[in-house]
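Hi,

Here is the structure I promised to pass on. Have a look at it first, and then read my notes underneath.

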Amino acid sequence: MTTLVTQARAAMQHAWAPYSNFHVGAAIEAADGTVYVGCNVESASYGLTICAERMALGAATDVDPPAAPCGACRQLLAEFGLDLEVTAVGPASEKRWTLAALLPDAFTKETLDR
Ligand code: THU
């Protein structure tokens, strides 16, 4: 348990919480002993904020062909710039996009300042 708490605290350092300033980390241990970590990531589209626990769950997926990020995930990624390169990696193949291609005419935090 101590290790999990330490890993959750480390993950918390990566939280992105400019709107609430409430930083959260989480660590989940799977039955095989693998540990998945996550932190909260907030969005200018507030309702898309992802909690640390859900991010840790999402880190545990591995499918082929790799899944493209869903619409909500694309919006959350936009928090960090439309020039992001997005790579989805599966066990046997990968796919690449720019975020701008995945999310045309994006709503961003700059939109809030208009
Ligand atoms: N948050 C979590 O990450 N996990 C919880 O269980 C409660 C809330 C985050 C979401 C948001 O970024 C911030 O804490 C304030 O609600």
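Below is what turned up, going feature by feature.

One thing to keep in mind: this is a predicted model.

Let's start with the pocket. The largest one has a volume of about 820 Å³. Its lining takes in 26 residues, and if you want to find the middle, look for G58, A59, T61, P69 and C73, which lie nearest the centre. Three elements, α2 (52-58), α3 (71-77) and β3 (85-89), each give at least two residues to that lining. As for what sort of residues these are, 19 are nonpolar, five are polar and two are charged.

While you are around there, check the loop between α2 and α3, where P65 sits. The peptide bond joining D64 and P65 is cis, with omega at about 0°. That is worth a second look, given that most peptide bonds are trans.

Next, salt bridges. How many does a search of the whole structure find? Just one. The partners are E94 and R96, whose closest N and O atoms are 2.9 Å apart. E94 is partly exposed because its relative accessible area, 43%, falls between the 20% and 50% cut-offs. R96, at 59%, is over the 50% mark and so counts as exposed.

K95 belongs to strand β4 (residues 94-98). With a relative accessible area of 38%, K95 is partly exposed. Follow K95 across to A68: the two are 27 residues apart in sequence, yet their C-alpha atoms are 8.0 Å apart in space.

On the surface there is also a nonpolar patch of about 400 Å², made by Y19, Y46, F107 and L112. Of these, Y19 can be found in the loop between α1 (2-12) and β1 (25-29). Y19 has a relative accessible area of 34%, so it is partly exposed, and that value also clears the cut-off of over 30% for patch residues.

Finally, some backbone angles. Most residues other than glycine have a negative phi. Which way does phi go at N21, positive or negative? It is positive, near 55°. N21 is in the loop between α1 and β1, and it counts as exposed because its relative accessibility is 61%. D105 is another non-glycine residue with a positive phi, about 50°. You'll find D105 in the loop between α4 (99-102) and α5 (109-112), and at 80% relative accessibility D105 is exposed too.

Cheers

Definitions and conventions. Residues numbered from 1 in each chain as written. Predicted model: local features only at pLDDT ≥ 70, side-chain atom pairs only at ≥ 80, totals over all residues. Heavy atoms only, no water. Patch = residues over 30% accessible without salt bridge, like charges linked within 9 Å, V, L, I, M, F, W, Y side chains within 5 Å. Areas by Shrake-Rupley, 256 points an atom, 1.4 Å probe, with all protein chains shown as cover. Salt bridge = Lys/Arg side-chain N within 4 Å of Asp/Glu carboxyl O. Helix = DSSP H or I, 4+ residues; strand = E, 2+ residues; numbered from the N terminus. Buried < 20%, exposed > 50% of the residue type's maximum accessible area, 1.4 Å probe, protein only. 1 Å grid on protein atoms, 1.4 Å probe; cavity = no way out; pocket = protein on both sides within 12 Å on 5 of 7 lines; lining within 4 Å. Points joined across faces, edges and corners; volume = space filled by probe spheres on them. Nonpolar A, V, L, I, M, F, W, Y, C, P; charged D, E, K, R; others polar.
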